[in-house]
Amino acid sequence: MKNKEKVRKRERKKGSLSTIILVVILLIGLSVMLYPTISDYWNSFHQTQAIANYDAVVAELDETDYEVLFAEAEQYNEQLRGLSAPFSESERLSEAYNNVLDVAGNGIIGYISINKIGVELPIYHGTSESVLNVAAGHLEGSSLPIGGESRHSVISAHRGLPSAKLFTDLDRLEVTDTFTITILNQVLTYEVDQILIVEPTQMEALNVTQGKDYCTLLTCTPYGINSHRLLVRGHRIENVQGAIVIHKEATKIPPYIAAPAIAIPMLFVLLLISLFAYRKKPLKISTQDVAELGRKLQDSSKVTGESIKEQETKE
């Protein structure tokens, strides 16, 4: 009997361990599956907050402040044009670059909106990994995006990150599509007129063209390989008359995704807790319990027999 009991205990332990392992594997799988959606939502929320904070700071400025800030940005662009190789020599102007247009003190110079692909991102100084992992960055060495003749701004963002959408759908843009860049109290509209795929070292398409006002959106391609660069260039056009700019709220996860995402992990956590807290115990019956049960059965049979006899007598 003792050996059989030990075998049963071992089998129960093995069964519980297998259940725990399966639950853990399932939880890991669910986490991997839900991570992109939840992470993108989280990043969208913070991007929206950054844009809202930027707008709030800009709203407190007056016309004199705007004139000074735009004059500083224009001065930087002129100094940049004086360099023989702006992309490689721009470090000479780094101190001025990092301070210009930084009205909120957090590196944001404005934001870009691409309605066709549902993207609105803050634009930060530079294209460091810390910037490109969460937002768009202005490529140092290109013109600051304030518009004007003989200017060419370059805005870059990552593509295909599991944690954020960013420029993932940039390849959906076509010639004549538009995007806008908001700097301080000005909105600049650009119409796509050229789409190129180039080697990472090919920078010629980003150079300034005399008399033109260009802005190029830059990201990696092909998707997941990133061996080349996708360049989507737009030329400045008049803003659409009567257009209302509505800043999107952070993307909301649909209820049919949000409910399982919250409920399923909670259910499995509860299951794990119950597995550790509950231990199935074998039922123990003493001889006294058996005797008591026997007496009750005898009493019950006697009562039943007497009832049957009384019924027969009446009939």
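User: Helices are DSSP runs of at least four residues in H or I, and strands are DSSP runs of at least two residues in E; how many helices and strands does the protein have?
Analyst: The model is predicted, and its helices and strands are numbered from the N terminus. Counted in this way, the protein has seven helices and eight strands.

User: In what order do the eight strands run in the closed barrel?
Analyst: Strands of a sheet pair through backbone hydrogen bonds, either parallel or antiparallel. In this barrel the pairing is mixed, and neighbouring strands are turned by 30 degrees against each other on average, with direction ignored. The order around the closed barrel is β1-β2-β3-β4-β7-β8-β6-β5.

User: Which residue in β5 stands opposite Ser113?
Analyst: Strand β1, residues 108-114, pairs with strand β5, residues 178-183, in the antiparallel sense over three bridges. Within β5, the residue opposite Ser113 is Thr180.

User: Which helix gives the largest share of the largest nonpolar core?
Analyst: In soluble globular proteins, nonpolar side chains tend to be buried together. The largest nonpolar core here has 49 residues, and Leu217 is one of those that touch the most other members. Leu217 touches residues including Ile112, Ile114, Phe179 and Val232. The largest share of this core, six residues, comes from helix α2.

User: What angle does the direction of α2 make with that of β4?
Analyst: Helix α2, residues 63-81, packs on the sheet, where it touches β4, β5 and β6. Between the direction of α2 and that of β4, the angle is about 100 degrees.

Definitions and conventions:
Residues numbered from 1 in each chain as written. Predicted model: local features only at pLDDT ≥ 70, side-chain atom pairs only at ≥ 80, totals over all residues. Heavy atoms only, no water. Core = buried A, V, L, I, M, F, W, Y, C linked by side-chain atoms within 4.5 Å. Buried < 20%, exposed > 50% of the residue type's maximum accessible area, 1.4 Å probe, protein only. Contact = heavy atoms within 4.5 Å. Pairing = 2+ DSSP bridges. Axes fitted to C-alpha atoms, helices over the stretch in contact; angles between N-to-C directions. Lists of a residue's contacts leave out its neighbours within four places in sequence.
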